[in-house]
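Thanks, everyone. I have one structure to go through today, so let me put it up and then take it piece by piece.

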Amino acid sequence: MKLEDVISTTSILALLSVSDVEDISALVNYLTDNGEGRLALDGDACKQLIAARDAGRYFLGDLEVIAKEIRLFGGNSLLNLFRKDGVPYDEIVRDVAEHLKVNFGNDSISVIEQEILGKILTRAFEEMSEEERRVILEELGVLSFSTAGPAAAIAAICAAKAGGFATYKLAAIVANAIAKALIGKGLTFAATGQMMRTISVAIGPIGWAITALWTAADLASPAYRVTVPCVVQLAYMRQKAIMVRSMTVCSECQHPIAQSARFCSECGTPAAA
């Protein structure tokens, strides 16, 4: 898929087709309750997804089942039980945004996803100390937030709407914390290891904060226990696909730079031709 297609697609299957196995497995764990199964999940579908997860590979048929099951859970959260294939992904994203009290207008789905991530992180800030907030914001490249406050800094990152490296890190931090809270282990960053070499410093405080949030009434509905983390994970997978197509690392200092950049903004080294 081209960069512009990754940014604009509202197809779950399209996102799955450009995603890493480990990231897809996180979705399977959300759908199957970490392999335990769910009342709302067809038994045969559950067995198929667990078998694919354990084998470490997903065929097209497996990806189609994942996409369909997410849409079906979305139908449950929207109380729309009459569409045999569930509801479109854009409806699910808007429903999750409304559920989490995210303000959005006619924004694209990728932008609403970013706003959902920002909302979750901003609310998590309420559970953090000032030092923990500083660590998170420095991780996101926000060096000064004393005047506007951390919530405004997160909003500014989301408002950029460009899918830059800070947006990718925001998605990675939130998605990783939710994975730890719900399935007991974080995400794998092997494919982007050089770019994510410092993210571990942010995992502790945001992880604790989101674990606290996850026990709140927001997720009282069984359907939202699936749709909220799935939307967050898909938002992360989209930002990862965007980053892979638009970013590279400096050969000298390993700082992330846009593929179109002529020089590294960190050390001034000419970008590779």
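Which residue does the side chain of Arg53 meet in a salt bridge? The partner is Asp54, with 3.0 Å from N to O. Keep in mind throughout that this is a predicted model. As for exposure, Arg53 is partly exposed at 22% relative accessibility, and Asp54 is exposed at 55%.

Now the overall layout. The chain contains twelve helices and two strands. Reading from the N terminus, the helices come before the two strands. There are 273 residues, and 50% of them count as buried. The accessible surface is about 12600 Å², with carbon and sulfur atoms making up 53% of that. On contacts: taking those with a separation of 6 or more, 59% are between residues 24 or more positions apart.

Next, the interior. The largest nonpolar core has 67 residues. The members that touch the most others are Leu16, Ile66, Ile70, Ile116, Leu234 and Tyr236. Let me take Leu234 as the example. Beyond its neighbours within four places in sequence, Leu234 contacts Ile12, Leu15, Leu16, Leu27, Ile70, Tyr89 and Glu113. Two of those names, Leu16 and Ile70, you have just heard in the core list.

Back to charges. How many salt bridges does the structure hold? The count is six. I will pick out two besides the one I opened with.

One is Asp23 with Lys240, where the closest N and O atoms are 2.8 Å apart. This pair links distant parts of the chain: Asp23 sits in helix H3, residues 21-32, and Lys240 in helix H12, residues 224-246, with their positions 217 residues apart. Are these two residues buried or exposed? Asp23 is buried, at a relative accessible area of 2%. Lys240 is buried as well, at 6%.

The other is Asp90 with Arg94, at 3.6 Å from N to O. Why can these two be paired along one helix? Both lie in helix H6, residues 89-99, and because they are four residues apart there, about one helical turn separates them. Asp90 is partly exposed, with a relative accessible area of 23%, and Arg94 is partly exposed too, at 30%. Elsewhere, salt bridges with shared partners join Asp20, Asp23 and Lys240 into one network.

To recap the charged pairs: Asp23 and Lys240 link distant parts of the chain, while Asp90 and Arg94 are within helix H6. That is what I have; questions are welcome.

Note on methods:
Residues numbered from 1 in each chain as written. Predicted model: local features only at pLDDT ≥ 70, side-chain atom pairs only at ≥ 80, totals over all residues. Heavy atoms only, no water. Buried < 20%, exposed > 50% of the residue type's maximum accessible area, 1.4 Å probe, protein only. Contact = heavy atoms within 4.5 Å. Areas by Shrake-Rupley, 256 points an atom, 1.4 Å probe, with all protein chains shown as cover. Core = buried A, V, L, I, M, F, W, Y, C linked by side-chain atoms within 4.5 Å. Salt bridge = Lys/Arg side-chain N within 4 Å of Asp/Glu carboxyl O.
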